[in-house]
Amino acid sequence: MTPLTALDLVPISSGSSAAQAVRNSIDLARNAERLGYARYWLAEHHLNPGVAGTSPAVMLAAIAARTSTIRLGSGALQMGHRTALSAVEEFGLLDALHPGRFDLGLGRSGGRPTPAIGGSDSAVAGYALNGLLIPARFDYSALLKSPRIALQTELLTLPDARPQNYTEQVGDVLALIADTYRSANGESAHVVPGAGADLQVWILGSSGGESALVAGKNGLRFAANYHVAPAGVLEAAEGYRAAFAPSAELDKPYLSVSADVVVADDESTARDLATGYGLWVRSIRTAEGAIPFPAPDEARRHVWTDADRALVADRLETQFVGTAAQVADQLEQLQDATGADELIITTITHDHRDRVRSYQLLAEEWAQR
């Protein structure tokens, strides 16, 4: 059976609090372990009123203390405002406390200039592959130029700091873990704890660019992002496999692909639970920052313009919503189209109980496939 991973942003529901969101995430992780999910990953986001997941390592420490078998990881650390040393030290501490349970997932974002996704290719119409929708590319250029993103970059990075080349940074992470790091002048660095830590290093990416290439060339596991950038998922998978070189860790590519899903006992209920998703995505793409996740009645009061609908269309069209059987069928289409070895499931609903129930129904259905 293809493993399932749970990806958590630590979302805050409207009318709730960050403290409650943290408690909900710990509870969801415990349920994910009980339900047989292979991994539980925490994302890193900043300056979002509706997302409390600002520090994966801190959340992972709290969750590790309350679980025992499920693998835990970052999906992903934003390496644009970090150093290789800080990442290895943080996860070295986690591994010292809970050996052999952690995935160190590395992403390019966070303080590093990011090329706009879209441009001339953004006008290309979407298409379906084996039943899976690959939508037209979304143009992120306006979002990346927004004052809020500029402020986030300013607050995350020290004055005059320059992010390291990502490919070199990943190489440094691997060398520090392997305890083989040498500076340009031959000085060695021994990270305690961290050197020799039993960590799985993952690279996360949304296209066939640098992230896919660095994952492949280093023989690392790669997670492709269908739930946020669905247009680039096939390119990411193909780029990773084309660049793959066997390593001591892997003798063949290992690909995980993400999907945003909502499952309920019937399709009508699932669609009602997913009502707030479009408004939530709109808040992100207008650079407002992710709002507290709205209740269905709140979301229905929003008056949608054509511009609003266009802003979120690719995300709404590629969210898998329905009964467990319906969503599992769509996940199988995603797996068939990408050749994924593993699937990453992210679910947000206003009520925490509905979120737990969604993961439960999917796990029970998936176990029968």
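Strand β5 is a good place to start in this predicted model: six of its six residues are buried, so the strand is largely enclosed by the rest of the structure. You can follow this on both faces of β5. One side carries Phe-102, Leu-104 and Leu-106, the other carries Asp-103, Gly-105 and Gly-107, and all of these residues are buried.

Which strands pair with β5? Strand β3 (residues 71-74) does so in the parallel sense, over two bridges, and strand β4 (residues 77-78) also pairs with β5 in the parallel sense over two bridges. To find these contacts on your screen, look for Leu-72, whose bridge partner in β5 is Phe-102. Then move to Gln-78, which stands opposite Gly-107 of β5.

Phe-102 deserves a second look, this time for its ring. The model has 10 aromatic pairs. One of them joins Phe-91 and Phe-102: the ring centres are 6.4 Å apart and the planes meet at 90 degrees, so this pair is edge-to-face. Phe-91 belongs to helix α3 (residues 84-97) while Phe-102 belongs to strand β5 (residues 102-107), so the pair ties together parts that are 11 residues apart in sequence. How buried are the two partners? Phe-91 has a relative accessible area of 0%, and Phe-102 likewise has a value of 0%. Because buried means under 20% relative accessible area, Phe-91 counts as buried, and Phe-102 does too.

Let's move on to other rings. Trp-41, Trp-202 and Tyr-254 are linked by ring pairs into a cluster. Tyr-254 also has a charged neighbour: the charged end of Arg-221 sits over the Tyr-254 ring, 5.8 Å from its centre. Another arginine, Arg-285, lies over the face of Phe-138, at 3.8 Å from the ring centre.

Finally, turn to the second largest pocket, which holds about 230 Å³ of space. What lines this pocket? Its lining includes Leu-174, Ile-177 and Ala-178, along with Leu-199, Val-201, Asn-218 and Glu-249, among others. Helix α6 (166-178) and strand β8 (199-205) each supply at least two residues of the lining, and the largest share, three residues, comes from α6. By class, the lining of this pocket is made up of eight nonpolar, three polar and one charged residues.

Note on methods: Residues are numbered from 1 along each chain as its sequence is written. This is a predicted model: local features need pLDDT of at least 70, side-chain atom pairs count only at pLDDT 80 or more; totals for chains, interfaces and linings use all residues. Side-chain values use heavy atoms; hydrogens and water are left out. On a 1 Å grid over the protein atoms alone, a cavity is a set of points where a 1.4 Å probe fits but cannot get out, and a pocket is an open set with protein on both sides within 12 Å along at least five of seven lines; lining residues have an atom within 4 Å of a point. Grid points are joined across faces, edges and corners, and a volume is the space filled by probe spheres set on the points. Helices (H or I, at least four residues) and strands (E, at least two) are DSSP runs, numbered from the N terminus. Ala, Val, Leu, Ile, Met, Phe, Trp, Tyr, Cys and Pro count as nonpolar, Asp, Glu, Lys and Arg as charged, and the others, Gly among them, as polar. Rings of Phe, Tyr and Trp (its six-membered ring) pair if their centres lie within 6.5 Å; planes under 30 degrees apart count as stacked, over 60 as edge-to-face and the rest as tilted. Buried means under 20% relative accessible area, exposed over 50%, partly exposed in between (1.4 Å probe, protein chains only). A charge sits over a ring if NZ of Lys or CZ of Arg is within 6 Å of the ring centre and within 35 degrees of the ring normal. Two strands pair if DSSP finds at least two bridges between them.
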